[in-house]
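Here are some questions and answers for someone meeting this structure for the first time. Each answer sets a value against the rule behind the term.

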Amino acid sequence: MAAFFDLEDSPMFQKQVCSMEQSTDDLKNRCQRLHKGCKKFVASVNEACNGDTIFADALESFGGGQEDPLSLSMGGPLISKFIGAFRELATYKELLRSQVEHVLVDRLTQFMSVDLEEAKDSRRRFDKSIYAYDQAREKYASLKKSTREDIVAGQEEDLHNSKSAFERTRFSLVNALMNVESKKKYEFLESFSAIMDAHLRYFKLGYDLLSQMEPLIHQVLTYAQQSKEASNAEQDKLGRRIQEFRTQVQMDNIHASSNTEALTNVDCPRPIGIGPSYKDIQALMQSSANGMVQTIKQGYLLKHSSSLRADWKRRFFVLDSRGTLYYYRTKGPKPMGSNSNQSTNTGGEQSNGVFGRFRARHSRTSSLSGESTLSCRTVDLRTSTIKIDAEDLDLRLCFRIISPSKSYTLQAETEADRMEWVNKITGVITSLLNAHLSQQEPFIHVNEKHNSRLASEPVSNIQTSQKQGHSWGNMEMQTEGVSGLLRDIPGNDQCAECSAPEPDWASLNFGILMCIECSGAHRNLGVHISKVRSITLDVKVWEPTILELFKALGNAYCNSVWEELLSHDKDGNGESECSTTSIVKPSSHDSFNKKEKYIHMKYAEKQLISQKPNSFASHASALWEAVKASNLQEAYRLIAISDTTILNTTYDEIQSIDSLRLEETLSKEGHNLDPSACPRLKPGEPENCLRGCSLLHLACQVGNAVMIELLLQSGVDANMRDFHGRTPLHHCIAKKDNELAKYILRRGARRLIKDWGGLTALERAMELGSITDEQLFILLSENE
């Protein structure tokens, strides 16, 4: 629209103003629709930007920027470059969004909220001024000729002021409308051209980025095609190998089946040198001494679980040339496509997958990661024997490996497979025995904490301790002395569970001797119930206190406690039957499963002990008197027939002392928690105040090391405190019994516990004078 040619207030002027106002209103409506579209456009660009970022994050979590074997096999380093490109494109898109929002949306909002609103406000002020001007003009025109001059002058002044306001608002409206008219000619074109320029720069940046990556993209596409062809070749090669493997298995099965009849009577273990594969096995085991470990046999076997459910689980067993038999078990549920078969590849070949060069760089990492979901269990073959049967005689294709630590019942898939396993395990056992006899290499003692590892270490790893200073002959003499001494105890000439002759294993806390098969059942109870040790291998376990404890007990007396309900009459089969229950004591010829169930009922469930209606308090009081009188057998019996909580009962609980009443009495007598302030305690006489003392405190006061050994083996708390906060170690120090203090320190007493006077055992010992026993001082000074 053309500019105002005549600014005089006239109908033509009013018409031109109205026309411009209509144009402004139409422009406002269009701006509102454009503003909505701009907001949607910005939102879509922002969503696209977020989509690029999310896609880049998804690519990164999929495999880019990670060092795990799966990411490397899928080309993680290459994906990382693409992730960077997508993130850069997202940055460009974010820049485009900000420019659209600033150049178009913000400017459009400014135009609508300022310029258009200013025209609207100007029109409102103009209408108001017209009304005021019309009112003033009407008032002035209605004046009479007789009106006083001062009134006429006042009305004339009002008319003049309203006219001036009218002119100002008229020109203000004209300026506002002309501002809108002028801005619409360049404002929108400028914004739209800026938006197009922003798009131009966005696509140019993207084009430059992708142009730089174009050689890499083509290389990756070429590599992917080559990898696809290599993968197809690998698939064909794998198919041929599978066919060859199946053919070889069928031939082996046919060959093994032809020899099955001749091998069905194999017993364990064979005499040395018998068997067609013995020389080959011996040669392989000799080659392993040079570091060449080879697999003698491997494959899946069904293993009978030792748990109460007694189910069968499929395990992968490996027998190698070091004489080690081990099997793999999964630690937990694994995702589909588990790599549990990674450990079964013994050929040492590295498969070439899609991104083979990345696998080659990280093959070690891949193998370690694959084994992280597996655990390996080792079967000790040095002291094992093998039998072709199972506990359940109805099962087929079974054989057993009986070791000191555990008995394994295994089942093969075919008779030929079973015989091959039996022959090769027998050959390995024979080679191990020959190597042991030729080298005369003794087993060393391991302490209680590490004794469970003995069954899993090969013979070559067990070396003579330098601290012993004894030859193999001296150790053999010591072993013979311990075993002879233990077997001379009444009832110890046969197994306490199945009556097998010459038992070689013992339960330290039960004080009994047992055969190798029953020792496996005892181990299955758990160390919290039975602590199994060998009387020939674990030489250092048999300290004088342990030997004295066994001499005081013996199988005969222990069975009189644990098998109280079994009658002494023998039936025709030579088995002891329970007079009140249907429990039958097994013999040495019974299956391991029967022995294990009997041992579990005997010790874990205590079904053969007479449950008398005596109260806990009476048992605790009797046990206190037995410890006080050093009656080992009575103390053993009371511990066996009672709950384990009886071991930590205190003098207060036994005497049924009212704690509140005693507190009042002791406070009146001047009693104090600090032992040095107790009026009852005198130097060297800690027994004068028994308040809060446990059975172990009492045994330390009596000074009976064998009774202390019985309590510790039974599970008493070695660090329990009395009323004054003193541990059994404090009592030994107070009595100046250095040997007993050193003994309980070696058995787990904590040296840093302070009594309620704030002093440790070392500080109490220093109060009594200088410590002349250097070994005791060292034990008390060591950090826990």
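**Reading the terms**

Two bridges join strand 1 to strand 7 (residues 407-411), and the two strands run antiparallel. The model is a predicted one.

Q: What makes strand 1 and strand 7 a pair?
A: Pairing asks for at least two bridges, and two bridges join these strands, so the condition is met. Lys303 stands opposite Leu410 in strand 7.

Q: How do you know that strand 1 and strand 2 pair?
A: Strand 1 (residues 295-304) and strand 2 (residues 312-320) share nine bridges in the antiparallel sense, where at least two are required. Gly299 stands opposite Phe317 in strand 2.

Q: Why are helix 20 and helix 21 called roughly antiparallel?
A: Helix 20 (residues 695-702) and helix 21 (residues 705-714) pack at an angle of about 160 degrees. Angles over 145 degrees count as roughly antiparallel, and the two helices are therefore described that way. Their axes are 9 Å apart, and the crossing is left-handed.

Q: Which residues make the contact of helix 20 with helix 21, and how do they divide into nonpolar, polar and charged?
A: Helix 20 contributes Leu695, Leu696, Ala699 and Cys700; helix 21 contributes Met707, Ile708, Leu711 and Leu712. Leu, Ala, Cys, Met and Ile count as nonpolar, so the division is eight nonpolar, no polar and no charged.

Q: What makes a residue of helix 23 buried, and which residues are they?
A: Buried means under 20% relative accessible area. In helix 23 (residues 738-746) the buried residues are Leu740, Ala741, Lys742, Tyr743, Ile744 and Leu745. They pack against several helices, including helix 20 and helix 21.

How values were computed: Residues are numbered from 1 along each chain as its sequence is written. This is a predicted model: local features need pLDDT of at least 70, side-chain atom pairs count only at pLDDT 80 or more; totals for chains, interfaces and linings use all residues. Side-chain values use heavy atoms; hydrogens and water are left out. Helices (H or I, at least four residues) and strands (E, at least two) are DSSP runs, numbered from the N terminus. Axes are lines fitted to C-alpha atoms, for helices over the stretch in contact, and angles run from 0 to 180 degrees between N-to-C directions. Angles under 35 degrees count as roughly parallel, over 145 as roughly antiparallel, 65 to 115 as roughly perpendicular and the rest as oblique. A crossing is left-handed if the near helix is turned anticlockwise from the far one by less than a right angle, and right-handed if clockwise. Contact means heavy atoms within 4.5 Å. Buried means under 20% relative accessible area, exposed over 50%, partly exposed in between (1.4 Å probe, protein chains only).
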